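Visitor: I am new to this structure and should be grateful for a close look at a single part of it. Would you kindly take me through the cavity and its surroundings?

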Amino acid sequence: MYSVKSNEDFEQLSPFIIIGAGGGGEKFSNFPGVETAGFLDDSTDKQGKEFCGHIVGSDLKELVETTNSKSVAIMLPIGAEGAALKYAVQAIDLGQNVLTSFRSLPIEDNPSLLKFANQKGVEIKQISSRLDNIKKIMGVAPEKCTEVLPKITYEHKKPVIFVGGTSQECGKRTTTRRLGKLAKERGLNAIIISTDEMGLEKPTDINFRAGSLSVMDVPAVIMGTLKYMEENKNPDIIFVEGQSSLTERGNPHPKGLSASILFGAMPDAVVLCHRPNHPFREPVGIKTELNAIEAVEPTKVIALSINRRNAQDESLENIEEEFSLPTVDIHTESNGGIERLLDIVLEYVGENK
């Protein structure tokens, strides 16, 4: 009813004043059917400078009066709902049609804007999330876009260790907690961040189920958690539990979740877990996962944690020699166990401060 679903809709609403001189604004200006009359942005660093062939303005009323615009397109990110609402009301009051992004100003959550637009004789529409097509394909769909968190960027200051794996149920949760517990016992202010639905047991410092979030929101919440812990707990080291794997076959659905946690953690180093002869998962293997991790994130795998539950005769020494990485079994303390693994982590972050 009020969703834009074709380029023809853009043509009817053009020319646009675009709110947001950033990635969203640039992308929108490049859509077929969009004619751009100008850009506006609240950032004083952008105002008065050229962006996509236009000088970025600071006053919507002035742009409306000095351009041939028919509509205002609000292309602001999640987290800018207040600014989006302000500009929508102002644009309608100035006699402009309004096009919103469902991310920053979903119309279904703001019915008063529809009434105001009707009173002023203008249209208000939004770029559709196209959940209607998802429902047609799958038979079910969320009621609204599940991407809701502000997209923060935060670079942690204390060492962060990501515990990844070659598959699900391969030892990530156990390795993360045992590393953090031993670090605490040694007197370090270690933080354990749990990301799975079974993360309630101590000594976890904070737990949330990353799989309950939009993959677009996961990096933000990981960065937000790191920021919160550094500002409130002053940790010496932070351990982040990964989920699933970047390369596991047979169940491709959690791969994006695994990558999102890794991207948000931006780890200084990675401990990689592997379960040989896994009875109900299909890991490709250590080398493939190691290469994938180091290819998509500028970090380094520094040690292997092997779960030998289904391969008790697997030689840790042979694995260590094959991959030239310290290799332990933290369940049996073989080849140094958790004590050696933590020593390796602390030595690495100490040398790379």
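Guide: What follows describes the cavity, its lining and a buried residue in contact with part of that lining. The model is a predicted one. A search of the whole structure finds one cavity of 30 Å³ or more, and the space inside the largest cavity comes to about 40 Å³. Its lining is made up of Phe-162, Gly-164, Gly-165, Gln-243, Ser-244, Ser-245, Leu-246, Ser-258, Leu-262, Glu-289 and Ile-293. Strand 9 (160-165), helix 9 (255-265) and helix 10 (286-296) are the elements that give two or more residues to this lining. Of these, strand 9 provides the largest share, three residues. By character, the lining residues divide into four nonpolar, six polar and one charged.

Ser-167 may be considered next. This residue is placed in the loop between strand 9 and helix 7 (172-185). Ser-167 counts as buried because its relative accessible area is 0%, and buried means under 20%. Leaving aside neighbours within four places in sequence, Ser-167 is in contact with Ser-244 and Ser-245, among others; Ser-244 and Ser-245 also belong to the lining of the largest cavity. The other contacts of Ser-167 are Lys-172, Glu-248, His-278, Arg-281 and Pro-283. Thus the lining draws on strand 9, while Ser-167 sits in the loop between that strand and helix 7 and touches two serines of the lining.

Definitions and conventions:
Residues numbered from 1 in each chain as written. Predicted model: local features only at pLDDT ≥ 70, side-chain atom pairs only at ≥ 80, totals over all residues. Heavy atoms only, no water. 1 Å grid on protein atoms, 1.4 Å probe; cavity = no way out; pocket = protein on both sides within 12 Å on 5 of 7 lines; lining within 4 Å. Points joined across faces, edges and corners; volume = space filled by probe spheres on them. Helix = DSSP H or I, 4+ residues; strand = E, 2+ residues; numbered from the N terminus. Nonpolar A, V, L, I, M, F, W, Y, C, P; charged D, E, K, R; others polar. Buried < 20%, exposed > 50% of the residue type's maximum accessible area, 1.4 Å probe, protein only. Contact = heavy atoms within 4.5 Å.
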